[in-house]
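I opened this notebook to record what I looked up, entry by entry, beginning with a helix and its packing, then going on to strands and cysteines.

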Amino acid sequence: MRTSGERTTVVDRGRFPDAATPWDDARWRREVLGWAGEVLARHGLEESGAREVRVRPWSVLVRFRTGAGERDAVWLKAGAPSNAFEAGLSGALAGWAPEHVMTPLAVDAGRGWSLLPDGGPLLRGVLDAGAAGPGAWATALGRYGEMQRRLVPYADRLTGLGVPGARARELPEIFDALVARNPLFDAAERAALLLRRPRLVELCAELDAYGLPDSLDHCDLHDGQILAPAPGRFTFFDWGDACVAHPFGSLLVPVREVRERYGPEHVAPMVDAYLEHWTGLGPSAAELRRAAALAVRLAALGRAGSWFRLFPGTPTGDSEEASAYWVRELFAAADAW
């Protein structure tokens, strides 16, 4: 805990005490907190209570309390250079799909900073409280699919904002880089993985053959990345792992969560609710389900790559382990359902 003037700051470093982040730079803190203070003032908001800071290898998050209520808060997020695109992306999404995301109070795209209002309770909290079940996941994924379909015309503009690409045609080269640079793969395992590369190329070609358009893939859509401000309403946030990819890859994390929490029988209804928003593009319902199974399998490479979006100087051991896990999953997994 640190007291700066009259403002108490509580810093949570989680399990990452060695993370090298700009929060430990006094000049950077003055700049980012000064910027946030100016934005708060423009919106007629004043801080009240302690600042709560969450420092992680990929971002710095600061909660400013602006009143006595639990939801009276504003959130500052500063991303690592490799995911700093999130600030500009958040601003763009608020213009393109405002009913599905939070509208920032301000963004500084050049510095990777954004200031966001409190968006309500997490879906995780609603599920944990028993106030909703697997049907909520189906509704949320339907809303998410609707948003992705709307974003299809903006795929190239997403790339221009700095969102990394992980399109099916790009995955073999991404695979090559992930296998080559991860020290956890010894020579024998690296050679074994590369022997399976032709199968990866086949899977990518099969997925591409359905002719479905690329869009924004959140890449880590778990129940802690979805807000549930009202029954049947959902807001999607935390885009630091995002990529431009086959949209159906976004199902990877929800499929795993729903299967583990509620049982495999709840997966297909959720997937069908999502796929309803992708009809009318040529593939039949059965072909859409096959494309979804392929995309979920291939999305392991997007997850593997996102683990390296860290502040420079941060130890990479955890990221190497997580990335290696997902590369191995690419060939270990059977169809998702």
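Before reading off the first helix I fixed my term: a residue is buried when its relative accessible area is under 20%. I also note that the model is predicted.

**Entry 1, helix H9.** I asked which residues of helix H9 (residues 252-262) are buried. I found Leu252, Val253, Pro254, Val255 and Val258 in that class. An α-helix has 3.6 residues a turn, so residues three or four places apart point the same way. I then looked up what the buried residues of H9 pack against, and I noted helix H4 (134-151), H10, helix H11 (285-306) and helix H12 (317-332). Just after H9 I came to Gly263, whose phi is positive, near 110°.

**Entry 2, helix H10.** I turned to Val271, which lies in helix H10 (residues 267-275), and I recorded it as buried, since its relative accessible area is 1%. I also looked up its separation from Trp96, which comes to 175 residues in sequence and 24 Å in space, taken C-alpha to C-alpha.

**Entry 3, the hairpin.** I followed strand S10 (residues 226-230) and strand S11 (residues 233-236), which pair in the antiparallel sense over 3 bridges, with Ala230 opposite Arg233 of S11. The two strands form a hairpin with 2 residues between them, and in the turn I noted Gly232, which has a positive phi of about 80°.

**Entry 4, the open sheet.** I traced 3 strands that form an open sheet with mixed pairing, in the order S8-S12-S9. Its edge strands are strand S8 (165-166) and strand S9 (215-217), each of which pairs on one side only. I then checked S9 against strand S12 (residues 243-245), and found the two antiparallel and joined by 3 bridges, with Ser215 having Ala245 in S12 as its bridge partner.

**Entry 5, the cysteines.** How many disulfides does the rule give? Taking a pair of cysteine sulfur atoms within 2.5 Å as the criterion, I arrived at a count of 0. For Cys204 I looked up the closest cysteine sulfur, which belongs to Cys243 and is 13 Å away, so the two are too far apart for a bond. Cys243 is likewise in no disulfide, the nearest cysteine sulfur being that of Cys219, 4.3 Å away. Are these two cysteines, Cys204 and Cys243, buried or exposed? I entered Cys204 as buried because its relative accessible area is 5%, and Cys243 as buried because its value is 3%.

Key. Residues are numbered from 1 along each chain as its sequence is written. This is a predicted model: local features need pLDDT of at least 70, side-chain atom pairs count only at pLDDT 80 or more; totals for chains, interfaces and linings use all residues. Side-chain values use heavy atoms; hydrogens and water are left out. Buried means under 20% relative accessible area, exposed over 50%, partly exposed in between (1.4 Å probe, protein chains only). Two strands pair if DSSP finds at least two bridges between them. Contact means heavy atoms within 4.5 Å.
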